[in-house]
Amino acid sequence: MGRDADRDHVDPDGPDAPWEHDHAVVDGVRLHYVAAGPPDGDLVVCLHGFPAFWYTWHEAIPALADAGYRVLAPDMRGYNRSAKPRDVAAYRTDELVGDVAGLIEGAGRGSAHVLGHDWGGLVAWHLAARRPDVVARLGVLNAPHPSAYERELRSNPRQLLRSWYVLVAQVPWLPAVLLSRDDAALVGRLFERAGVDGDAFSPAEVAQYRAAFARPGVAGAALNYYRAAFRETLRRLPRGGVGDLPIGVPTLVVWGERDPALSVSLLEDLDRWVADLTVARLPDAGHWVLAEEPETVLNSLLAFLDR
């Protein structure tokens, strides 16, 4: 049985929504975000992945705000209401990391707790490695440490096969057309079938994701994340790959073990790169852990941030 269409659903733009909309300009790129919680609370920045938008965190935002945190959840560049640079180079890791660091600094903070899922998690890993000064604590939901991911691509044929979509994204124009046509119907089907039992999202939630992805330019921009990463990987390979990306901040990894795209083996030897590591494994959840087991994930995040 799927989720009730009205379960905890709030119109993201409605007057009763527990957040407010705003924007920041970082290095000339306009980033839309929602904000909630007391202005003087410790800052938490929530980063979404593909093919979503800030709404990934709509169940977490009120809980974090009620716990006293100031929460910012941006549309990553290229998504929903944020600016959509056309060049693939605009989606390189340095640019994505700069967006988050700039958002934190623009909020008048020296650092923030950073939470990320999927691509947002990958950006969060890189931010913590490259700019540890702006990350107080790091929380990652089903997004592999970059060094572990490259290790698995080299040594684990199953993970290589699971990453087929990265190669598909390199095809010019066709994937963007398929993803965006009929008001992003394909993206809608992805969310309709998401989760171990295919019921992670209600129809109302699916409609929100589909509408956000159907905005002009989003499909191409979202694919450019994969294109930029693929090109960066090809340039790194002769030099031995991404290398060791040490993480010096306290880190929580929440992992749905039934993720169809990411192997559980990506958790192995994580303490090689992460000095202060906590891993919460969810054996009955898939890739969309926050939607599949919201209470468990939120309890883990709050306990970690309050530690």
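Which residues are buried in helix 3? They are Trp119, Gly120, Gly121, Val123, Ala124, Trp125, His126, Leu127 and Ala128. Before I go on, a reminder that this is a predicted model.

Let me stay with helix 3 for a moment. With 9 of its 12 residues buried, helix 3 is largely enclosed by the rest of the structure. Its length also checks out. Helix 3 runs over residues 119–130, and at 1.5 Å a residue it should span 16 Å. The C-alpha atoms at its ends are 16 Å apart, so the expected and computed spans agree.

Next, the sheet. It is an open sheet of 8 strands, in the order 1-2-4-3-5-6-7-8, with mixed pairing. The edges are taken by strand 1, residues 20–26, and by strand 8. Each of these has a single partner strand, so one side of each is left without a neighbour in the sheet. On average, neighbouring strands here are turned by 20° against each other, ignoring direction. At one end of that order, strand 7 and strand 8 are paired in the parallel sense, over 6 bridges. Within strand 8, Ala280 is the residue that stands opposite Val254.

Now the salt bridges. How many does the structure hold? The count is 12. I will go through three of them.

One is between the side chains of Arg77 and Glu95, at 4.0 Å from N to O. Arg77 sits in the loop between strand 4, residues 70–74, and helix 2, while Glu95 is in helix 2, so the pair ties together parts that are 18 residues apart in sequence. Arg77 is buried, at 4% relative accessible area. Glu95, at 27% relative accessibility, counts as partly exposed.

Another links the side chains of Glu105 and Arg131, with an N to O distance of 3.0 Å. Glu105 belongs to helix 2 and Arg131 to the loop between helix 3 and strand 6, residues 135–141, so this bridge ties together parts 26 residues apart in sequence. Glu105 is partly exposed, with a relative accessible area of 42%. Arg131 is also partly exposed, at 27% relative accessibility.

The third on my list joins Asp276 and Arg307, whose closest N and O atoms are 3.4 Å apart. Asp276 lies in the loop between strand 7, residues 251–256, and strand 8, residues 277–282, whereas Arg307 is in the segment after helix 11, residues 294–305; the pair therefore ties together parts 31 residues apart in sequence. Asp276 counts as partly exposed at 32% relative accessibility, and Arg307 is partly exposed with a relative accessible area of 49%.

Some of the bridges share partners. In this way Arg77, Arg92, Glu95 and Asp99 are joined into one network.

That brings me to Asp99. Where does Asp99 lie? It is in helix 2, residues 93–106. Is Asp99 buried or exposed? Asp99 is buried, because its relative accessible area is 6% and the cut-off for buried is under 20%. Leaving aside neighbours within four places in sequence, Asp99 is in contact with Val26, Leu31 and Arg77. Of those contacts, Arg77 is also a member of the salt-bridge network, and Val26 falls in strand 1, residues 20–26.

That is what I have on helix 3, the sheet and the salt bridges.

Technical notes. Residues are numbered from 1 along each chain as its sequence is written. This is a predicted model: local features need pLDDT of at least 70, side-chain atom pairs count only at pLDDT 80 or more; totals for chains, interfaces and linings use all residues. Side-chain values use heavy atoms; hydrogens and water are left out. Helices (H or I, at least four residues) and strands (E, at least two) are DSSP runs, numbered from the N terminus. Buried means under 20% relative accessible area, exposed over 50%, partly exposed in between (1.4 Å probe, protein chains only). Contact means heavy atoms within 4.5 Å. The expected span of a helix is 1.5 Å times one less than its number of residues. Two strands pair if DSSP finds at least two bridges between them. Axes are lines fitted to C-alpha atoms, for helices over the stretch in contact, and angles run from 0 to 180 degrees between N-to-C directions.
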